[in-house]
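Subject: Structure for you to look at

Hello,

Here is the structure I said I would pass on. Please open it first; my notes on what was found follow below.

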Amino acid sequence: MVECSGMAPEEVETLVTTPIETYLNGATGVTAIRSSSTAGLVVLIVEFDWKMEAIRCRQIVDERLQLAAAQLPPNIIPRMAPLASMMGQIMLLTIWDEKGELSPMELRSFADWVVRKRILSAGGVSEVLVIGGDYKQFQVQCRMDDMFKYGVSFENIKKALEESNRNVTGGFLTDQGQREFLVRSIGRVEQLDDLKNLVVKGNSDPPIQLQQVADIVTASAVKTGSSGVYYKNADGTIINRPAIVLAVEKQVGNDTRKISDHILSVAEDIQKTINVSYPSVKIAPLYQQKTFINLAIANVEEALYIGVILIILVLFFFLTDLRITFITMLAIPISIMITCLTFAWFGLSINTMTLGGLAVAIGELVDDAIVDVENIYRRLRQNFCKPPEERQSVISVVYRASAEIRNSIVYGTMIVVIVFTPVFFLTGMEGKMFAPMGVAYIVSLFASLITSLTVTPVLSYWLLPGNANARRNKEGLILRISKYCAEKAIRFSLEYPKTNLFAAGFVTIVAAVIFIYLPRDFVPPFNEGAPQVTIALDPGASLKTSEEVASHLAGDLLNIKGISAVIRRTGRAELDEHAVPLNMSEMMCTVDLKSGRKIADIFSDIEQAISPDRLPGVVAFYDQPLQHLIAHLRTGTRSKIAIKIRGDDPILLCRRAIQIQKLISAIPDVGSPRIDPIQKDIPQIRFKLKRTELATYGLVPEDVNRIIETAMKGIVTTRILEGKRSIDVLLRASDKYREDLQAFAQLPIQTPDGLLIPLSAVADIDQNATGPSRIDHEAGQTQITIQMNPQKRGAVEVKNHIDRVLAPYMNELTSGGVTLHMTGLFQSEQESAQRIIFFSVFSLICILLVLYRMFGSINMSLQVMSALPFALVGAVAAIVFTGQMRSIPNLVGMISLCGIASRNGILIIDHYFHLVRYEGETFSKEMLIKAGCNRVAPVLMTTLTAMLGLIPITVSPNTPGREILYPIATVIVGGLITSTFTEFFVRPALFWCFGKRVAEKMIEREKSEKEQITNKE
């Protein structure tokens, strides 16, 4: 951020923005530079590659700013904003007086000097931006008539003020006995009245004092923004109070909830202190990011608990034994505990995404244990069915049964891990979002594998023999029904193999085509329960006008059932890096969770409240805080889709923007395309200096410019201390002369020989001029932006529609050196989808190699992987039937689905070979039926546990914390349904038609190799 006092946007762009951009371009790791030049301020945002560390980025920027400083005008000093994340605004702390006992200035001083300081010292807080109220200043408001009368210039007053407020030391007196004394001269102003008698012209008789030419008053600084709070009283009437809003930004890497709790504790202490004197003053956090985080975590935890209960019920009804259920379920707490310990060991945080990884994996955590326990129990029962003399020892049976399926478990887990690795190749924001989920998912699966290889066999040896002996000839009802249905399905598959394969292939092709043409979006919107409405009036609108319009809208929003309070912020805080002009207002709505209304219904009412019919001439849109910040982080704008029009001619850019807006406005659900209104021209008053007259009076332009700036805008000449507070002393002309241009034309200008002449003698006033309110730059070019927020269609779908509409006009639109760049969240979807698909292909090749290592046959490997395209059918059906758009979470769900589907295929095909190798079977239809019936229990149980573990997520798509998990869960559930049917309807037919001969040759080769080894021995 660079403060450029007295400069118009055009001058800021030329003298400050361009030199800084020139030095920053090409710096190590810089990927984009965006800037906004406004009157007296430029904000530059430098984007680095995600791999760069924040501290290193700041060092690079600081080095470049040092180089650029030599090219900047005098007294222009760039500074970096505090180290904070774009999404680090964790709280809006609001202060207001219900009875108006404190003035807006007293409230603001209290917020600045008490609340802000206390919060900054709370730890973990990067910045606290204060907006609203009246910022206290001591102002010297000059009366120009009296200045002419007494021959006093602004330079005389400025010099007197600067030299009137300083203490000095005179060293020490040491020869004063046993002590030495510090000598001080006290010249500081102790109270405002001390300035009244200040001599501003001493060479007259009598000397002229400041009070003779100026009013010395306590007043409010010129506002760059304001704020208010709106809420309903007990009787339902709407209360509107001016308020102070403190936007709290946390330091990068700190725990949001801990910092928020600490800040609330500090706020409570401050509340108790001030309520002793002013009981009507309230301090309340009307928006907290922590609320959404807590709710999201609670909802994910609830889904975990319900999922675990459903899994227990499935296991018990299938196995009808508490001991088996206990052994199997033990894998869940052990796996979660190992995962948490791993996270603690490596210093990783537990958040909604890590919990989401556990929620997605919860059903899979028992898969290995299910397969192991079920096989051990089945083999123990078979062993006890034999005559006593033929029975093997229990430990031998447990060992052999566990070893029998060990390969299936290990290779199955390896495949699940391999297939999930594409998530870690996502870059940027999406990589940061999904990486914690991937880590939690994989670590918990490895923990489950370790549990199944160690704890599960031991507990089975201790707890199962007695039950297996007592129930050697008994099976549960559900298991018997499942085996009966499985047998019928397999027989049907083997009876009509070609028909089954043709039908399955046709359905798969149809699903693939539907998948390709599904509407796409990046991620579903977060349900934060905090609607945020943004409105923009025409550029040049005054703060008072913006406040009136925003206050009217805030009242309409409060009348919506479910909204209990509204915070309004108009303009920006003094140190805010978001250069929001006075014609823009943001309103944060607090939702009453007890109202029982869905957030979608509230948004529908908000959409009506901000419709053009209700707010003519006002640009308005709505979203939610995190969604708003994610869009800003990705595109540099506050919208999902932005068309950035770049070039060198601002007038031509405006024409192109209007033309594009007209072309795309007819697109359905495009989201009200709007040209960024803060980039339009605003009226200006220009003082045009007359060079000839300046030369006549011996003046240079800077002499006059400096006086105009001082009189009109004002300059801080010194500061007066009030205890530990420092208050600015501002020198400027009285409002009587500033607002009346004819009176201001009499502004006294001092010539080199000491004479005072009016401003009108050396300058003309142009009241009909216009100029830009803001100039945006990106990629080194001037830029105008068209923004849109589609709510009912996916951003990718809308973007593609816009491309089709603009295509016929592209040559015309890009003529004259104009370039169009469309940006938005659809870019994240496109880039992430490409990466996932590319690395998924690589993962499938790795899976093929792992399966080849297991079976020693490409054919058998492909037989296992045949479940993947059939799983796609259910996944696509789930997306279509639930009315979703294809998004990155859907693709992540499909990745996980591939691993689960492959695991079941390994179980069945590996059992085919086991029966032939060790139990004297041949590759016959009866063997395939027997193998399928033997494996129906683990296949159905692993499938059902994985599905039911996700059911709590699939039934609540809009619940906070589950927005990202819902598309993942629905895809997995839908895919598991079709892939499970595949195991009994398609796999037997596929193996019978294309795998039988290969399998027979493999067995014959194995026998031949054994015979050769035996003969050699």
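I will start with one loop residue. Asp669 sits in the loop that runs between helix 21 (650-664) and strand 20 (674-675). The phi of Asp669 is positive, near 55 degrees, although the residue is not a glycine. Most residues other than glycine have a negative phi. As for solvent, Asp669 counts as partly exposed because its relative accessible area is 38%, and the range for that class runs from 20% to 50%.

Please keep in mind that the model is predicted. The mean pLDDT over the protein is 85, and 97% of the residues reach at least 70. Confidence is lowest in helix 20 (residues 625-635), where the mean is 69. The highest value belongs to strand 6 (residues 136-142), at 92. Where pLDDT is low, the predicted coordinates should not be read in detail.

Overall picture

The protein has 1017 residues, and 54% of them count as buried. Its secondary structure amounts to 37 helices and 29 strands. The C-alpha trace extends over about 130 × 80 × 65 Å along its principal axes. Taking contacts between residues at least 6 apart in sequence, 78% of them join residues at least 24 apart.

Helix 10

How many of the 10 residues of helix 10 (residues 352-361) are buried? The count is 9, so this helix is largely enclosed by the rest of the structure. The buried ones are Met353, Thr354, Leu355, Gly356, Gly357, Leu358, Ala359, Val360 and Ala361. Their cover includes helix 7 (289-319), helix 9 (331-345) and helix 14 (428-463). Helix 31 (888-918), helix 34 (951-954) and helix 35 (965-985) also contribute to that cover.

Thr352 belongs to helix 10 as well. Apart from neighbours within four places in sequence, Thr352 is in contact with Ile293, Ala296 and Ile297. Between Thr352 and Ala435 there are 12 Å from C-alpha to C-alpha, with the two residues 83 apart in sequence.

Helix 28

Helix 28 (residues 825-855) has 31 residues, which at 1.5 Å a residue should span 45 Å. Its end C-alpha atoms are 44 Å apart, so the expected and modelled spans agree. The residue that follows helix 28 is Gly856, with a positive phi near 75 degrees.

Cavities

The model holds 5 cavities of 30 Å³ or more. I looked at the second largest, which contains about 120 Å³ of space. Its lining is made up of 10 residues. Val523, Pro524, Pro525, Gln627 and Leu825 are the ones nearest its centre. By type, the lining divides into 7 nonpolar, 1 polar and 2 charged residues. Gln627 falls within the range of helix 20 (residues 625-635), the element with the lowest mean confidence, 69.

Three more residues

Is Tyr399 buried or exposed? Tyr399 is exposed, because its relative accessible area is 61% and the exposed class begins over 50%. Tyr399 is part of helix 12 (residues 394-404). The C-alpha atoms of Tyr399 and Ile376 are separated by 8.4 Å, and the two residues are 23 apart along the chain.

Val510 is in helix 17 (residues 497-516). With a relative accessible area of 34%, Val510 is partly exposed. Val510 and Ser452 are 58 residues apart in sequence, and their C-alpha atoms are 39 Å apart in space.

Gly698 is placed in the loop between helix 22 (691-697) and helix 23 (701-712). A relative accessible area of 44% makes Gly698 partly exposed. From Gly698 to Lys99 the distance is 58 Å, C-alpha to C-alpha, with 599 residues of separation in sequence.

Regards

Conventions. Residues are numbered from 1 along each chain as its sequence is written. This is a predicted model: local features need pLDDT of at least 70, side-chain atom pairs count only at pLDDT 80 or more; totals for chains, interfaces and linings use all residues. Side-chain values use heavy atoms; hydrogens and water are left out. pLDDT is the predictor's confidence in each residue, from 0 to 100. Helices (H or I, at least four residues) and strands (E, at least two) are DSSP runs, numbered from the N terminus. On a 1 Å grid over the protein atoms alone, a cavity is a set of points where a 1.4 Å probe fits but cannot get out, and a pocket is an open set with protein on both sides within 12 Å along at least five of seven lines; lining residues have an atom within 4 Å of a point. Grid points are joined across faces, edges and corners, and a volume is the space filled by probe spheres set on the points. Ala, Val, Leu, Ile, Met, Phe, Trp, Tyr, Cys and Pro count as nonpolar, Asp, Glu, Lys and Arg as charged, and the others, Gly among them, as polar. The expected span of a helix is 1.5 Å times one less than its number of residues. Buried means under 20% relative accessible area, exposed over 50%, partly exposed in between (1.4 Å probe, protein chains only). Contact means heavy atoms within 4.5 Å.
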